[in-house]
Each structure stands twice: as structure tokens, then as C-alpha cells.
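Open the model in your viewer and keep the selection box handy. This tour moves from stop to stop, telling you what to select and what you will find there.

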Amino acid sequence: MTNDVKESFSADSPPAPAALAAKVRTLAPSMTRSMQRVAEAVAGDPAACAALTVTGLAELTGTSEATVVRTARLLGYPGYRDLRLALAGLAAHQQSGRAPSVTADIAVDDPIADVVAKLAYDEQQTLADTAAGLDTVQLGAAVAAAATARRIDIYGVGASSLVGQDLAQKLARIGLIVHSHTDPHLAVTNAVQLRSGDVAIAITHSGSTVDVIEPLRVAFDRGATTIAITGRPDGPVTQYADHVLTTSTARESELRPAAMSSRTSQLLVVDCLFIGVAQRTYETAAPALAASYEALAHRHTPRPR
């Protein structure tokens with residue numbers, strides 16, 4: 001068994017049938033091309049694949065039996081038999097409530113109503129995939145670290161920086177000391193000041209953004225608890241992360257780049273992280289949040305004409 005398969009396979013129970021398609025979308029970019037063909041086949045037509053033997057699926061996808069078994073294990077199943085059972089369950093789930101036949105492949109001449117429908121469906125799918133693939137054990141550990149942190153630093157560039165700023169302002173409103181860094185030089189120089197008891201959070205959809213990885217590495221070396229929010233659980237950023245929170249890897253299109261689809265899943269993860277921290281620190285978080293609302297109340301009062 002290869003190292004990447006060993007790391008992805010867990011002693012825990014395999015993923016539920018409903019989570020299979022989400023896991024395929026998340027892991028496909030890190031698979032070999034032959035494994036991708038197997039993964040795409042089982043996600044695309046689970047009913048047909050569930051009826052095939054390991055030899056039959058290998059012939060269908062133009063791969064080998066060993067590749068089929070490795071793909072099953074990478075997806076979290078002990079063997080192909082367990083994957084077949086999950087495929088049968090997924091097929092039954094789809095038959096009982098089939099999703100509408102709409103995709104986010106937006107054309108230049110699409111009517112605006114179609115654009116709304118396609119984007120809404122894709123956003124829903126992205127959120128569902130992220131929720132299905134999010135490791136709640138890792139999330140719980142990240143929440144525990146952030147809730148007791150002396151200081152929290154957040155790193156992100158581009159669209160991910162917007163998500164980092166969103167998380168920072170939420171955490172600040174419940175009384176935590178938090179800084180969101182978008183300048184890579186300032187991120188590194190601030191990371192040098194971190195130590196045990198601090199938390200550093202890196203947000204990168206690709207998992208390979210150097211300007212985000214570098215400050216996280218420094219924070220990791222300094223003893224801070226490090227968290228990576230990424231669409232690539234096998235990406236370079238994860239080697240410096242104590243906890244990894246995986247987001248959905250949605251398909252890109254010409255008019256909808258990864259920066260849009262990734263932001264949706266990232267916002268869900270940071271909201272889950274924030275709510276978890278607020279729950280853990282409720283006795284101090286609730287008064288702090290109320291005070292922040294009160295401080296801004298006058299800005300929401302209509303001025304007399």
C-alpha cells in the first residue's frame with residue numbers, strides 16, 4: 001500500500017454512501033490518472049458500478065484490478081467489496097431523491113435566470129460536499145486550541161484573505177486577540193513572535209500558496225498550534241499543520257474560477273470554527289458580542305430627515 005493510501009485510510013468506519021461523491025471530488029486532483037478514471041466512474045454511475053466485479057470495473061475503466069482496489073482504499077474503504085456496498089447505497093439514495101439536472105457550466109449567452117439557478121445549485125453542492133467531508137474530530141481539536149489561545153494569527157492571500165478577514169472580525173467580536181495577515185512579509189515577521197499557546201491558521205484552497213505556507217511553517221517551528229483550511233488534504237501546507245480542515249474542491253468553469261467556489265466552502269468551515277469557539281467561551285463571548293452590537297447600534301438607526 002502506498003503512503004498516500006495509508007494516510008487516507010482510517011481505522012474508523014468508511015464514509016457513508018452519501019459522502020462518497022464528495023470524497024471523490026475532493027481527492028481526485030491528488031490521484032493518478034488511472035485512479036481518477038475509477039473514481040469518476042463510481043461517482044458518475046454508482047448503480048452500474050455496484051453491479052460490477054473488481055475485474056469488470058477494471059475493464060470498464062481501462063485500468064487494473066490493483067488500481068481499483070487502491071482507489072477503493074484511498075476513498076476510505078477496506079476493499080472493493082465495501083466500496084460496492086457503498087455504491088449500492090448511493091444509487092438507492094439518488095433514486096429516492098435525484099438532484100435536478102443542472103450544472104454550473106455557465107455560458108456567455110445564458111439568461112440571468114439560468115445563471116442564478118446554476119450558481120445556486122453549485123453553491124448548495126459545494127456546501128453539502130464540504131459538510132460531508134469535514135473531519136469533525138479535527139474541527140473539534142481546532143476549536144479547542146482557538147478557544148484557549150493567547151493569540152490567533154490568520155494567513156491568506158487573494159480570495160482566501162477575504163475569508164481570513166471574515167473569521168478575524170468574528171473572533172474579535174467575542175473578545176479574542178486575533179490578527180489577519182494579507183502581507184506575506186508581515187505574516188512571517190509576526191509568526192516569529194508566536195509560541196506554544198498561540199494558534200496560526202492558514203487558508204489556501206490549493207494547499208500550495210507559498211505566501212501562506214511560509215508563515216505557517218514559521219509558526220509551526222515556534223511551537224504554535226497550526227491549522228490549515230484547504231481543498232487539498234495532501235497539499236504542501238498540511239505538512240506544517242497540526243489540524244487539517246478540508247474544503248470541497250468544486251469544478252471550475254470559464255466564468256466561475258476556483259476563487260469563487262472555494263470561498264463558499266471556506267466560509268462554511270470558518271463559520272463552524274467560530275461557532276465552536278463561541279460555544280466553548282460562551283460566558284465571555286456572549287457579553288462581548290452583546291457589547292459589540294451595542295457599540296454599533298447607533299450606526300444602524302435611521303437619521304431624522
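**Stop one: a pair within a helix**

Select Glu-214, which is partly exposed at 31% relative accessibility (buried means under 20% relative accessible area, exposed over 50%, and partly exposed in between, with a 1.4 Å probe and protein chains only). A word on the ground rules: this is a predicted model, in which local features need pLDDT of at least 70 and side-chain atom pairs count only at pLDDT 80 or more, while totals for chains, interfaces and linings use all residues. Residues are numbered from 1 along each chain as its sequence is written, and side-chain values use heavy atoms, with hydrogens and water left out.

Now add Arg-217, also partly exposed, with a relative accessible area of 25%. Glu-214 and Arg-217 form a salt bridge, their closest N and O atoms being 2.6 Å apart (a salt bridge is a side-chain nitrogen of Lys or Arg within 4 Å of a carboxyl oxygen of Asp or Glu). Both residues sit in helix H12 (residues 210–221), 3 residues apart, which is about one turn of the helix. Helices (H or I, at least four residues) and strands (E, at least two) are DSSP runs, numbered from the N terminus.

**Stop two: a link between distant helices**

How many salt bridges does this rule give? The count comes to 8. For another of them, select Lys-170 and Asp-271, whose closest N and O atoms are 3.4 Å apart. This pair links distant parts of the chain: Lys-170 belongs to helix H10 (residues 159–173) and Asp-271 to helix H13 (residues 258–280), 101 residues apart. Lys-170 is buried, at 18% relative accessible area, whereas Asp-271 is partly exposed at 32%.

Next, pick Asp-234 and Arg-232, a salt bridge with its closest N and O atoms 3.2 Å apart. Then return to Lys-170 and add Asp-166: salt bridges that share partners join Asp-166, Lys-170 and Asp-271 into one network.

**Stop three: the largest nonpolar core**

Select Ile-152, Leu-171 and Ile-201, which touch the most other members of the largest nonpolar core, a set of 30 residues. Such a core consists of buried Ala, Val, Leu, Ile, Met, Phe, Trp, Tyr and Cys residues joined through side-chain atoms within 4.5 Å. Two or more residues come from each of helix H9 (136–147), strand E1 (152–155), H10, strand E3 (199–204), strand E4 (225–230) and H13. Apart from this core lies another, of 23 residues, including Leu-27 and Cys-49.

Zoom in on Ile-152. Beyond its neighbours within four places in sequence, its contacts (heavy atoms within 4.5 Å) include Ala-146, Leu-171, Val-178 and Ile-201.

**Stop four: strand E1 and helix H9**

Colour E1 by residue. Which way do its side chains point? Ile-152 and Ile-154 point one way and Asp-153 and Tyr-155 the other, and all are buried. E1 pairs with strand E2 (residues 178–181) in the parallel sense over 4 bridges; two strands pair if DSSP finds at least two bridges between them. Asp-153 stands opposite His-179 in E2.

Moving to H9, select its buried residues: Leu-139, Ala-142, Val-143, Ala-145, Ala-146 and Ala-147. At the N-terminal end of H9, Asp-135 acts as the cap, with a side-chain oxygen 2.9 Å from the backbone nitrogen of Val-137.

**Last stop: a buried aspartate**

Finally, select Asp-129 in helix H8 (residues 112–133). Asp-129 is buried at 6% relative accessibility. Not counting residues up to four places away in sequence, Asp-129 touches Ala-22, Arg-25 and Ser-248.

Notes
A polar contact is a pair of N or O atoms within 3.5 Å; within protein, one must be able to donate a hydrogen and the other to accept it, and residues adjacent in sequence count only if both atoms are side-chain atoms.
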